[in-house]
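Let's take a walk through this protein together, from its confidence profile to its side-chain contacts. Have the sequence and the fold side by side as you read.

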Amino acid sequence: MVSEKSYSNDKFYDLTTTIAVGQTDSAAIDLSGLELVGFFTPSNLTGTSISLQAATSTAGTYVAVQDGAGSTYSLTVAASKYVPIDNFNIVAGLRFIKLTAGTTQASTDAVITLAIRSL
């Protein structure tokens, strides 16, 4: 018989980041030892797309993450949804990231919960 102890705890949903009112970028996120697999959008998210930026350190210069064909990697999003990363090769190896909404966040801060797993 299989029990919950038979499985490793490789998924976590308690890492969050915020896109503040009037901004498009989240705060920097350190994924040390973790891999981004998706995120949960809040009910007040006003953007309809989210792209990623990456840097070599928390205080580094963040640049757009591209899809390998020269285009910025972007995901279509909506409020109160789970959005999976559809191509793990794009996020593999990223440690310091920011989420960037396609439009400025309106009215209240949007707190996004990251779905991550250990490497």
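Helices (H or I, at least four residues) and strands (E, at least two) are DSSP runs here, numbered from the N terminus. With that numbering in mind, we can place Gln23 in the loop between strand 1 and strand 2. Keep in mind as well that this is a predicted model, so a word on confidence comes before the details.

The mean pLDDT of the protein is 90, and 89% of its residues reach 70 or more. If we go element by element, strand 5 (residues 63-64) has the highest mean pLDDT, at 98, while strand 1 (residues 11-19) has the lowest, at 79. Please read residues 1-7 with care: pLDDT stays under 50 there, and the model has one contact beyond four places in sequence for this stretch.

Now back to Gln23. Which residues does Gln23 touch, leaving aside those up to four places away in sequence? The answer is Thr103, Thr104 and Gln105. A C-alpha to C-alpha distance tells a similar story: Gln23 and Ala106 are 83 residues apart in sequence but 8.4 Å apart in space. Gln23 itself is partly exposed, with a relative accessible area of 44%.

Let's turn to the interior. The largest nonpolar core has 26 residues, and Leu36, Phe39 and Leu114 are those with the most contacts inside it. Strand 3, strand 4 (49-55), helix 1, strand 8 and strand 9 are the elements that each give two or more residues to this core. Strand 9 provides the largest share, four residues.

Charged side chains come next. Side chains of opposite charge can pair when their charged atoms come close. How many salt bridges does the structure hold? There are two. In one of them, the side chains of Asp30 and Arg95 meet at 2.8 Å, N to O. This pair links distant parts of the chain: Asp30 belongs to strand 2 (residues 29-30), and Arg95 to the loop between helix 1 (88-91) and strand 8 (96-101), 65 residues apart. Both partners are partly exposed, Asp30 with a relative accessible area of 34% and Arg95 with 38%.

The salt bridge between Glu35 and Arg117 has its closest N and O atoms 2.9 Å apart. Glu35 lies in strand 3 (residues 34-40) and Arg117 in strand 9 (residues 110-118), so this pair ties together parts that are 82 residues apart in sequence. Is Glu35 buried or exposed? Its relative accessible area is 14%, and because buried means under 20%, Glu35 is buried. Arg117, by contrast, is partly exposed at 26%.

Arg117 also has an aromatic neighbour: its charged end sits over the ring of Phe88, 4.9 Å from the ring's centre. You can find another charge over a ring at Tyr62, where Lys98 lies over the face, 4.6 Å from the ring centre.

Rings can pair with each other too, and the structure holds one aromatic pair. Its members are Phe40 and Tyr82, with centres 4.8 Å apart and 50 degrees between the planes. Why is this pair called tilted? Planes under 30 degrees apart count as stacked and over 60 as edge-to-face, so the angle of this pair falls into the remaining class. Phe40 lies in strand 3 and Tyr82 in strand 7 (residues 82-84), so the pair ties together parts that are 42 residues apart in sequence. Phe40 is partly exposed, with a relative accessible area of 34%, and Tyr82 is partly exposed as well, with 38%.

We finish with the backbone. Most residues other than glycine have a negative phi. Ser80 has a positive value, near 55 degrees. Ser80 is found in the loop between strand 6 (74-76) and strand 7, and at 48% relative accessibility it counts as partly exposed. Ser107 also has a positive phi, of about 60 degrees, although it is not a glycine. This serine is in the loop between strand 8 and strand 9, and Ser107 counts as exposed at 62% relative accessibility.

Technical notes. Residues are numbered from 1 along each chain as its sequence is written. This is a predicted model: local features need pLDDT of at least 70, side-chain atom pairs count only at pLDDT 80 or more; totals for chains, interfaces and linings use all residues. Side-chain values use heavy atoms; hydrogens and water are left out. A salt bridge is a side-chain nitrogen of Lys or Arg within 4 Å of a carboxyl oxygen of Asp or Glu. Buried means under 20% relative accessible area, exposed over 50%, partly exposed in between (1.4 Å probe, protein chains only). A nonpolar core is a set of buried Ala, Val, Leu, Ile, Met, Phe, Trp, Tyr and Cys residues joined through side-chain atoms within 4.5 Å. Rings of Phe, Tyr and Trp (its six-membered ring) pair if their centres lie within 6.5 Å; planes under 30 degrees apart count as stacked, over 60 as edge-to-face and the rest as tilted. A charge sits over a ring if NZ of Lys or CZ of Arg is within 6 Å of the ring centre and within 35 degrees of the ring normal. pLDDT is the predictor's confidence in each residue, from 0 to 100. Contact means heavy atoms within 4.5 Å.
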